[in-house]
Amino acid sequence: MKDASAVEAAAAGLKGLGLAGTYSTGDDALRRFYLPSLAASCAYDRMAGYYSSSVLRVTATGLVRFVRNAQVHGGRMRLIVGAQLTEADVNAVRDGLRHRDDAIAEAARKAPVALGGDAAGDEYLKLLGWMVSEGLLDVKVGVPVDAAGMPLAPAEAQGYFHSKYGLLTDANGDRVALLGSENE
């Protein structure tokens with residue numbers, strides 16, 4: 001049986017959340033903006049200079065609803081992140097990509113990651129790989145390049161990839177943008 005509040009929230013979409021126009025440090029933006037917006041969305045595009053899969057643990061309750069919405073409405077999460085990924089994150093993404101179309105992915109489809117809320121957060125690396133293998137998550141790494149598209153050495157780069165933008169889209173096509181210095 002589906003959680004009635006989750007169904008109502010998905011039907012109301014982003015417009016039904018009563019979001020403020022802006023959120024600042026101290027506004028508890030994670031609980032007042034990010035988690036409800038993620039839960040009401042089926043597509044998420046994000047550029048973040050620093051990203052760690054541990055955000056999946058922190059956002060598990062909103063992410064579970066997002067994944068369900070994405071599966072129903074053909075959505076996905078697309079990330080462009082800086083080169084500061086942890087080795088565990090890189091390995092989880094690579095593992096998900098390697099197994100996207102093989103027998104292990106088929107077995108995962110038959111017995112998917114439990115999407116029950118906080119338990120999903122406890123399995124965040126498994127969830128990261130599973131989302132990649134299911135086509136629900138694409139990750140690209142942004143690195144400084146020269147005019148020919150070749151990576152620059154740290155001494156040559158004018159800083160590093162540190163963008164922080166995001167766009168959440170619900171099943172109705174309504175969108176909410178994130179812009180600023182806060183991470184998830």
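In the predicted model, helix α2 lies across strands β1, β4 and β5 and runs at about 140° to β5. The sheet to which these strands belong is open and consists of five strands in the order β3-β2-β1-β4-β5, with mixed pairing. Strands β3 and β5 (residues 175-179) occupy the edges with a single partner strand each, so one side of each has no neighbour in the sheet. On average, and with direction ignored, neighbouring strands of this sheet are turned by 5° against each other.

Strand β2 (residues 77-81) was examined through its pairing on either side. With strand β1 (residues 43-48), β2 pairs in the parallel sense over five bridges, and R46 has L79 of β2 as its bridge partner. Strand β3 (residues 137-141) also runs parallel to β2, to which it is joined by five bridges; here L79 stands opposite V139 of β3. In general, strands of a sheet pair through backbone hydrogen bonds, in either a parallel or an antiparallel arrangement.

In a regular strand, side chains alternate between the two faces of the sheet. Strand β2 shows such alternation: the side chains of M77, L79 and V81 point to one face and are buried, whereas R78 and I80 point to the other face and are not buried. L79 thus combines a buried side chain with a bridge to R46 and a position opposite V139 in β3.

Strand β4 (residues 164-169) includes T169. T169 is buried because its relative accessible area is 12%, below the 20% cut-off. Apart from neighbours within four places in sequence, T169 is in contact with L14, S41, C42, A43, D174 and R175.

The packing of two helices is described by the angle between their axes together with the distance between those axes. For helix α4 (residues 60-73) and helix α8 (residues 124-133), the axes come within 13 Å and cross at roughly 15°. This angle makes α4 roughly parallel to α8, and the crossing of the two helices is left-handed. The contact is formed by L63, V67 and Q71 on the α4 side and by L127, W130 and M131 on the α8 side. Classified by residue type, the contact between α4 and α8 contains five nonpolar residues, one polar residue and no charged residues. An α-helix has 3.6 residues a turn, so residues three or four places apart point the same way.

Helix α8 is mostly covered, with eight of its 10 residues buried. The buried residues of α8 are Y124, L127, L128, G129, W130, M131, V132 and S133; among them, L127, W130 and M131 meet α4. Following α8 is G135, which has a positive phi near 75°.

Helix α4 also contains V64, which counts as buried because its relative accessibility is 5%. The C-alpha atoms of V64 and A39 are 7.3 Å apart in space, while the two residues are separated by 25 residues in sequence.

Most residues other than glycine have a negative phi. D28, although not a glycine, has a positive phi of about 55°. The residue is located in the loop between α1 (4-12) and α2 (29-40). D28 counts as partly exposed because its relative accessibility is 38%.

Definitions and conventions. Residues are numbered from 1 along each chain as its sequence is written. This is a predicted model: local features need pLDDT of at least 70, side-chain atom pairs count only at pLDDT 80 or more; totals for chains, interfaces and linings use all residues. Side-chain values use heavy atoms; hydrogens and water are left out. Axes are lines fitted to C-alpha atoms, for helices over the stretch in contact, and angles run from 0 to 180 degrees between N-to-C directions. Helices (H or I, at least four residues) and strands (E, at least two) are DSSP runs, numbered from the N terminus. Angles under 35 degrees count as roughly parallel, over 145 as roughly antiparallel, 65 to 115 as roughly perpendicular and the rest as oblique. A crossing is left-handed if the near helix is turned anticlockwise from the far one by less than a right angle, and right-handed if clockwise. Contact means heavy atoms within 4.5 Å. Ala, Val, Leu, Ile, Met, Phe, Trp, Tyr, Cys and Pro count as nonpolar, Asp, Glu, Lys and Arg as charged, and the others, Gly among them, as polar. Buried means under 20% relative accessible area, exposed over 50%, partly exposed in between (1.4 Å probe, protein chains only). Two strands pair if DSSP finds at least two bridges between them.
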